[in-house]
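Hi,

Here is the structure I promised to pass on. Have a look at it first, and my notes on what turned up follow underneath.

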Amino acid sequence: MNNTFNFSEFSKQSSKGIFVIYISLIYSALKISWIFIFLIFKDFSEISNTKLLYISLGIGIILLFLLIRAILIYKNFQFKITNNHFILKQGILKKSNTSIPFDKIQNINFKQNIIQQIINVYEVCIETAGSTKTEIGIKALPFLKATALKELILSNKVFENSEKEKEAQKPLLKVDILSLFKVSLTENHLQNLFLFFAVLFGFYNQIQQITDGLGKTESLDGFIEENTNNFSASIFLILILIIGFTVIAFLSSFVRVFLLHFNLTTYLKKDAFEINQGLFTKKSIVLKKQKVQNITISTNPLKRLIGVSFITFKQAVSGKLNTKKKDKLIRIVGCKKHQIETIKSSLFHFSKVENSAIHFPDDYYKRRIFMFSFLFLTVLYTGLYFIFSHIEIFYSLLLIIPIAVFLILKKVKKRFYKISEDMLLVGRGLLETHLIYLEIFKVQNIEMKQTIFQKRSKVADIILQTASGKIKIPCIHYKEALKIYNHTLYKVETSTAPWM
Amino acid sequence: MSEEFKNEEVKNLPDIIKVDFKSIDKSYLKVIYINFFLLFIPLLVGLIILHQFSFSNEINEYIIFIYLLFIAFFGLIFTILNLSFPFRKYALREKDITYKAGLLVKKITTVPFSRVQHVEIDEKPISRIFGLSSISVYTAGDSSDDLEIKGIKKETALQIKEFISSKINE
């Protein structure tokens, strides 16, 4: 262990940190106020010289203020290590003092955004399983100091680091640009399209909120109305829209995959995975095997064609953040079959569960989905009829119903579970196929649910709560459900292995 | 950790259904009533005010149906609350705590003590009048799905909390 740095005294970040903090402050200020800046400069030619002077003066003052703030943040940001605790002092006016015991630290990740890459410093993120407040980001540390800090914290935990260097030689998985391109081609484009529109919709809302205040919303609304009228008239426009959407979907998957997973390399170490990826923001993640709560292996028909899948690791997150904290999901794309086998077998003994008997949900499951879809369509079409009052809209049912039936049958077919002594394997999916592997002793709590309709058919739902979200097994026979319930409790209560 | 490793196959697992469940405190039904009327009466008053001052004549033609619908809806909720009350039960075992409830949708949740993060006792104002409190058991899972037992005597809640705390620290 190279401990040339002294962490027992309070120390600051690298002085380059001021710059990094400054840029990030400017960035977040821009993010809040871009719409105002846009409004000011929209009629740029009409701005008189004196006004221009005021504006640039104002901007100058804001920039100066941010610079002073950055320096103060830097000055007041100090950390040290004593007594197996990581201690951090920060805050300009509101001082805070955080102390994290080493064994509560879940991960130490290195990150580099573009600025940090240019001036060659690393951002060190110390993740805990608790809330975001205890998550610590040290914005700028030189590489050597960052590794020294990491090793000091990690080596005080039970893990031996001496072997790490040797094993780090050969990556388990390296995705080059060509295969990354293939991966992006086979992404779930529909989902990316939705993501894209969600972002777009957010922007639109923001613009509308501002223009509302300025009374310009009429022209915008008129524009949209005009377009919708044309829309119903011309099939040509619809065709163009479809083509446009397809292009957007492809492009957005492409951009997303390249931004997140560029230069993806995965190393398999004794008790951890190390994953490096990212184009602008390089991320280096060390994932402890013990902290993995469950893994999901996913593929879709296109990906199966070129023989790749992706693996999603789920780590423990604190309850309230479950849905928001997407980056707690660690995803490795473009895995070949043998690589998946290696990763799986390094985590747990999966052969037993894969060879166990396969159980499908009761027919009730199919009936329930059909019922709900039918109800949903009825409500949707009644609503649509009231809005448009054209009987013609019901023609679209000719197309919708076969698609819906096809999708539902697909969904039902993909639902299954296998259970062995120690592990649970759940299959689910619609177009994609997901296989979820869970070690039973990692369950946090268990719930069984039965509606009166389910009771008549003697089926029940099982919901297994883990530290990284829930896993549902819907509509299985009541006796089976009860067996799983009792077995899970038995496993959890007799296991002495730590769940994280 | 343990020196001797044993792994005998267990033939008969303890069955959750055959556990002796305890009902929650009877007086919690009164709390449910009060909570119900605290919601129902303001809404009814609001509806009457709307009827008298705000509704147009076209709507007021159907006002009797609106009242009937309103009463029927809340009557249904009231009946369900009443009927489902005896199903609210909990059980403590040596290694876990279980709560079950529900008339139309039966739910049973078990939290093993070895996964408990913390235990909380709440006393809501109305429950306090009857000396009742609720106990929540939190795990590292999604907190909305953790276990909460409403309407048990404060002493019982404290005892359960003590019991769980002693089990966690074992």
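In chain B, strand β5 (residues 116-122) pairs with β6(B) in the antiparallel sense, over 6 bridges. Strands here are DSSP runs of E with at least two residues, helices are runs of H or I with at least four, and both are numbered from the N terminus; two strands pair if DSSP finds at least two bridges between them. Within that pairing, Glu120(B) stands opposite Ser136(B) of β6(B). On to the next pairing: β6(B) is joined by 5 bridges to strand β7 (residues 147-153) of chain B, again antiparallel. Ser136(B) turns up here too, with Glu148(B) as its bridge partner in β7(B). Strand β6 of chain B spans residues 132-139 and is mostly covered, with 7 of its 8 residues buried. Buried means under 20% relative accessible area, exposed means over 50%, and partly exposed is in between (1.4 Å probe, protein chains only).

Before you read on, some housekeeping: this is a predicted model, where local features need pLDDT of at least 70 and side-chain atom pairs count only at pLDDT 80 or more, while totals for chains, interfaces and linings use all residues. Residues are numbered from 1 along each chain as its sequence is written, chains are lettered from A and ligands numbered from 1 in the order in which they are written, and side-chain values use heavy atoms, with hydrogens and water left out.

Back to chain B as a whole. Its secondary structure comes to 5 helices and 7 strands, and from the N terminus the elements run β-α-α-α-β-β-β-β-α-β-β-α. What is the radius of gyration of chain B, set against a compact globule of 170 residues? Chain B has 22 Å, where such a globule would be near 15 Å; the radius is taken over C-alpha atoms, and the globule rule is 2.2 Å times the number of residues to the power 0.38. Along the principal axes, the C-alpha atoms of chain B fill a box of roughly 85 × 35 × 30 Å. Buried residues make up 35% of the 170 in this chain. If you look at contacts (heavy atoms within 4.5 Å) in chain B with a separation of 6 or more, 53% are between residues 24 or more positions apart. The accessible surface of chain B is about 10,700 Å², and carbon and sulfur atoms account for 60% of that; areas come from the Shrake-Rupley method with a 1.4 Å probe, and for residues only the protein chains shown count as cover.

Now chain A. Strand β16 (residues 433-439) of chain A is mostly covered, with 6 of its 7 residues buried. It pairs antiparallel with strand β11 (residues 292-299) of chain A over 6 bridges, and also with strand β15 (residues 423-428) of chain A, antiparallel over 6 bridges. His434(A) in β16(A) is the bridge partner of Ser298(A) and of Arg428(A). β15(A) and β16(A) form a hairpin with 4 residues between them, and Gly429(A) in the turn has a positive phi of about 145°.

There is also an open sheet of 7 strands in chain A, in the order β6-β5-β4-β10-β9-β8-β7, with antiparallel pairing. Its edges are β6 (136-141) and β7 (173-174) of chain A; each has a single partner strand, so one side of each is left without a neighbour in the sheet. Strand β5 (residues 122-128) of chain A is joined to β6(A) by 4 antiparallel bridges, with Val124(A) facing its bridge partner Ile138(A) in β6(A). Helix α11 (residues 337-347) of chain A lies across β7, β8 (265-268) and β9 (272-277) of chain A, at about 140° to β9(A). For that angle, axes are lines fitted to C-alpha atoms, for helices over the stretch in contact, and angles run from 0 to 180 degrees between N-to-C directions.

A smaller open sheet of chain A has 3 strands in the order β1-β2-β3, paired antiparallel. Its edge strands are β1 (78-82) and β3 (96-101) of chain A, each pairing on one side only.

Lastly, the cysteines: with a disulfide taken as a pair of cysteine sulfur atoms within 2.5 Å, the count is 0 over all chains.

Cheers
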